[in-house]
Amino acid sequence: MKTQMVCLEDGITSCGFRKMAAYVAQLEPETESVYISTERYRSVKAAVRGMGDKGRMPDEQVDEIAQGLKGSDLVGFSSMTGYADLTHRVIKRLRELNPSTYIVWGGIHPIIQPEDAILGDVDAVCTGEGEFAFEELLQGLKEGRDVTKTKNFWFKQGGQEIIKNHFLPLMTVQEMESLPFPQYGAPNEKIYLPGQGFVKTTVEDYLLNDGLGYTTLWSIGCPFHCAYCGNTKFIANDAKYKRIRTPRARRRRTTDKCARRTLPPTSPGPHPTPSRSRRGVGHPSSWPRRARCTRRPAWCRSSKRGGA
């Protein structure tokens with residue numbers, strides 16, 4: 001089953017999507033992860049104008065994006081609410097080009113506003129943690145089974161009837177230990193460039209969009225109820241989301257691995273800096289404060305597009 005995972009947002013940091021993309025790649029190694037960057041995150045223009053309202057593209061670009069997705073059997077979209085209108089447009093055009101493509105929409109927007117997401121030309125929207133739910137959905141589609149009872153999903157049958165399923169239990173710390181690290185520099189990682197379509201992601205794309213920082217997730221969960229944050233919806237769906245879940249053995253392995261690949265703390269940057277994620281507040285205190293990697297990641301081995 002040809003599968004593409006699609007992320008639409010400012011920049012290409014997308015730490016939650018990269019976590020999901022890595023898991024799907026374990027299930028389907030040939031899966032393409034594609035990034036539709038609506039604005040260069042670190043550009044001067046973005047700094048002046050702010051972020052979150054750049055989900056605007058001309059119809060020609062929407063068509064070009066959909067053309068690059070129409071050959072897939074399954075396409076999974078991920079977006080925040082600021083890019084929901086653009087996602088609706090891309091999904092609509094994709095449906096016009098290939099009515100048989102199975103379209104799933106996940107990410108923050110379908111979790112906090114599933115009533116809007118399910119109105120798109122989708123087959124399903126993911127309303128909770130996606131890894132295990134998507135695995136069950138994918139296996140059911142491969143086997144030709146009825147997947148409309150898959151938890152963490154809403155389904156739309158016949159273009160009208162909406163099936164709302166309950167939530168899976170939140171992942172345990174032990175289950176989190178089994179997850180792969182976020183996907184960076186995968187062979188099938190691509191970015192959309194106007195006029196060129198989807199091309200292989202290179203180091204320039206990281207520099208122009210997000211710099212060389214390595215963004216990851218150290219924990220999931222949050223005890224706070226900030227009015228502006230989607231975590232309030234996660235807690236409403238499952239009160240246990242207040243608990244911060246941190247796979248400690250995994251965190252130690254990551255920290256030790258990165259420490260072995262860095263120069264002494266007195267070396268100049270750039271620095272591998274784990275960020276405080278929207279989905280968690282923990283991070284390893286032992287991370288070197290000023291260090292630079294002595295071994296470059298896969299996507300940093302060539303400065304020429306198409307190189308690896």
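Helices, of at least four residues, and strands, of at least two, are DSSP runs that are numbered from the N terminus. In the predicted model described here, Ser14 lies in the loop that joins strand β1 to helix α1. The phi angle of Ser14 is near 45 degrees, which is a positive value in a residue other than glycine, and Ser14 is buried, with a relative accessible area of 4%. A comparable description applies to Asn152, which is found in the loop between α7 and β6. Asn152 has a positive phi of about 75 degrees although it is not a glycine, and with a relative accessible area of 3% it is likewise buried.

The chain as a whole contains 11 helices and 9 strands. Of its 308 residues, 50% are buried. Among the contacts in the chain with a separation of 6 or more, 69% are between residues that stand 24 or more positions apart.

In soluble globular proteins, nonpolar side chains tend to be buried together. In this model, the largest nonpolar core has 27 residues, and those with the most contacts inside it are Leu74, Tyr102, Val104, Phe134, Leu137, Phe153 and Phe155. Two or more residues are given to this core by each of the strands β1 (3–9), β4 (102–106), β5 (124–126), β6 (153–157) and β8 (189–193), and by each of the helices α1 (15–27) and α7 (131–143). Helix α7 provides the largest share of the core, with 5 residues. The surroundings of Phe153 can be described in detail: when residues up to four places away in sequence are not counted, Phe153 touches Val104, Ala124, Val125, Cys126, Thr127, Ala133, Phe134, Leu137, Ile163, Lys164 and Asn165. A second core, separate from that one, has 25 residues, including Val62, Phe77, Val90 and Trp154.

Two of the helices that contribute to the largest core, α1 and α7, also pack against one another at an angle of about 35 degrees, with their axes 10 Å apart. The crossing in which α1 passes α7 is right-handed. On the side of α1 the contact is made by Lys19, Met20, Tyr23, Val24 and Leu27, and on the side of α7 by Glu131, Phe132, Phe134, Glu135, Leu138 and Lys142.

Helix α3, which spans residues 59–67, has Val62, Ile65 and Ala66 as its buried residues. Seen down the axis of α3, these buried residues fall within an arc of 95 degrees, so they line one face of the helix. An α-helix has 3.6 residues a turn, so residues three or four places apart point the same way. The elements that cover the buried residues of α3 include β2 (32–37), α4 (84–97), β8 and β9 (197–200). With α4, the axis of α3 comes within 9 Å and crosses at roughly 55 degrees, which makes α3 oblique to α4. This crossing of α3 and α4 is right-handed. The residues that meet there are Asp59, Val62, Asp63, Ile65, Ala66 and Gln67 in α3, and Leu86, Arg89, Val90, Arg93, Leu94 and Leu97 in α4.

Three further buried residues illustrate how positions separated along the chain are placed in space. Ala117, in helix α6 (residues 114–117), is buried, with a relative accessible area of 0%. Leaving aside neighbours within four places in sequence, Ala117 is in contact with His88, Trp105, His109, Pro110, Val122 and Val125. The C-alpha atoms of Ala117 and Thr127, which are 10 residues apart along the chain, are separated by 9.9 Å. Pro180, which lies in the loop between α8 (173–177) and β8, counts as buried at 15% relative accessibility. Although Pro180 and Gln26 are 154 residues apart along the chain, their C-alpha atoms are separated by 8.3 Å. Gly230 occupies the loop between α9 (203–209) and α10 (231–237), and with a relative accessible area of 18% Gly230 is buried, because the cut-off for a buried residue is under 20%. From Gly230 to Gln113 the distance is 10.0 Å in space, C-alpha to C-alpha, whereas in sequence these residues are 117 residues apart.

Conventions: Residues are numbered from 1 along each chain as its sequence is written. This is a predicted model: local features need pLDDT of at least 70, side-chain atom pairs count only at pLDDT 80 or more; totals for chains, interfaces and linings use all residues. Side-chain values use heavy atoms; hydrogens and water are left out. A nonpolar core is a set of buried Ala, Val, Leu, Ile, Met, Phe, Trp, Tyr and Cys residues joined through side-chain atoms within 4.5 Å. Buried means under 20% relative accessible area, exposed over 50%, partly exposed in between (1.4 Å probe, protein chains only). Contact means heavy atoms within 4.5 Å. The arc is that of the directions from the helix axis to the C-beta atoms. Axes are lines fitted to C-alpha atoms, for helices over the stretch in contact, and angles run from 0 to 180 degrees between N-to-C directions. Angles under 35 degrees count as roughly parallel, over 145 as roughly antiparallel, 65 to 115 as roughly perpendicular and the rest as oblique. A crossing is left-handed if the near helix is turned anticlockwise from the far one by less than a right angle, and right-handed if clockwise.
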